[in-house]
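Reader: I am new to this structure and would be grateful for a close look at a single part of it. Please explain the terms as they arise.

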Amino acid sequence: MKKIEAIIKPFKLDEVREALSEVGIAGLTVTEVKGFGRQKGHTELYRGAEYVVDFLPKLKLELVVADANAEIAVEAIIKAARTGKIGDGKIFVSNVEQVIRIRTGESGESAI
């Protein structure tokens, strides 16, 4: 099993969710996060005063999928989240040793 963590622009959430749904990925956790990479923030104007926004708002998506579905899920996220501009985000894929569904006690891929 693989855990996929994707940092994306907030306005791309619906497109990514739909793309994952189309390839059969059902479960997804979304967290509002802030951060920066090569963008290094930007300046904004508020009530006539200019100020620097160091940490930009992003969304962190987390999903656990079977090994066979990992590449499909990653490709769906890339296709849906890409704008071609700086700040599109990152995807991290890591191994998951075990998954347990609390309600039923199921474990392994059947618990996904």
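Author: Glu 97 counts as exposed because its relative accessibility is 81%, where exposed means over 50% relative accessible area, buried under 20% and partly exposed in between, with a 1.4 Å probe and protein chains only. This is a predicted model, in which local features need pLDDT of at least 70 and side-chain atom pairs count only at pLDDT 80 or more, while totals for chains, interfaces and linings use all residues. Residues are numbered from 1 along each chain as its sequence is written, and side-chain values use heavy atoms, with hydrogens and water left out.

Glu 97 belongs to the segment that follows β6 (90–95); helices (H or I, at least four residues) and strands (E, at least two) are DSSP runs numbered from the N terminus. Although 96 residues separate Glu 97 from Met 1 along the chain, their C-alpha atoms are 7.2 Å apart.

After Met 1 comes strand β1 (residues 2–8), which pairs with strand β5 (residues 56–65) in the antiparallel sense over seven bridges; two strands pair if DSSP finds at least two bridges between them. Within this pairing, Ile 8 has Leu 59 of β5 as its bridge partner. Strand β5 also pairs with β2 (residues 29–35), again antiparallel and over seven bridges, and there Leu 61 is the bridge partner of Val 30.

Lys 9 is found in the loop between β1 and α1 (13–22). Lys 9 counts as buried because its relative accessibility is 13%. Leaving aside residues up to four places away in sequence, Lys 9 touches Lys 58, Thr 83, Lys 85, Ile 86, Gly 87 and Asp 88, a contact being heavy atoms within 4.5 Å.
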